[in-house]
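Here are a few friendly notes to help you find your way around the aromatic rings. Please keep the view open as you read along.

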Amino acid sequence: MNRTTVDLSDYPDLVVIYLGMRVNQFRGLATLLGFGPRIHAAVKSNPDGLLAHENVVYSLFPLHVGMRQYWRDFESLEAWARADPHRQWWQAFLRDPKGTGFWHEAYFRQGGMEAVYVNTPARTGLRRFASSVEARGPFFTSRQRAGRAETREGPPAVVPEEALYDPKEDAAKGGSR
């Protein structure tokens, strides 16, 4: 027997993030397969703060794959997520998810967690038991969802909240949410 554990004392601000992309429509298969080389290149570039990356298969039908990443701290993860190429990927996805759904869940060694799910019809991860709320207002960015908005202002959101929602549509529904 070889029983071991880890000493995380060198990583007081460690963040573990799980990400997933799910094929919702046939055309999503091409979208998903196209991301593989881009993710590989991004990881190979060794972004500041990324400690480790592992690929994960969640299911074969529907095809649902992703990754688990370990980041030194939230600030390095957030800086990478708000910069290119991730910024461009996220903007393109929000314009047209091309038959896929995407989600992530982040867990912080210092306490707390946050998640977002876009076009994921099946209950996944924390959504299996926790109620869902719209990712708007105080739930719009990962910094806000993680309760870190008051620590310092982070980089600007990849897409401003106002760009995703039509104020006229909100007013028709009875006000903004």
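1. Let's start with a charge over a ring: in this predicted model, arginine 38 lies over the face of phenylalanine 35, at 4.2 Å from the ring centre. Phenylalanine 35 also belongs to a cluster, in which ring pairs link it with Trp71, Trp80 and Trp89.

2. A second arginine is worth a look as well. Arginine 127 lies over the face of tyrosine 117, and the distance to the ring centre is 4.9 Å.

3. Now for the ring pairs, of which the structure holds ten. One of them joins tyrosine 18 and tyrosine 107: their centres are 6.2 Å apart and their planes stand at 85°, so the pair is edge-to-face. This pair links distant parts of the chain, with tyrosine 18 in strand β1 (residues 15-23) and tyrosine 107 in strand β4 (residues 100-108), 89 residues apart.

4. Are these two tyrosines buried or exposed? Tyrosine 18 has 25% relative accessibility and counts as partly exposed. Tyrosine 107 is partly exposed too, with a relative accessible area of 25%.

5. Another pair to find is tyrosine 58 with tryptophan 103, which is tilted: the rings are 5.4 Å centre to centre, with 55° between the planes. Here again distant parts of the chain are linked, since tyrosine 58 sits in strand β2 (residues 50-60) and tryptophan 103 in strand β4, 45 residues apart.

6. The partners in that tilted pair are worth checking for accessibility. Tyrosine 58 is partly exposed, with a relative accessible area of 31%, whereas tryptophan 103 is buried at 3%, because buried means under 20%.

Key
Residues numbered from 1 in each chain as written. Predicted model: local features only at pLDDT ≥ 70, side-chain atom pairs only at ≥ 80, totals over all residues. Heavy atoms only, no water. Phe/Tyr/Trp six-rings, centres within 6.5 Å; stacked < 30°, edge-to-face > 60°. Helix = DSSP H or I, 4+ residues; strand = E, 2+ residues; numbered from the N terminus. Buried < 20%, exposed > 50% of the residue type's maximum accessible area, 1.4 Å probe, protein only. Lys NZ or Arg CZ within 6 Å of the ring centre and 35° of its normal.
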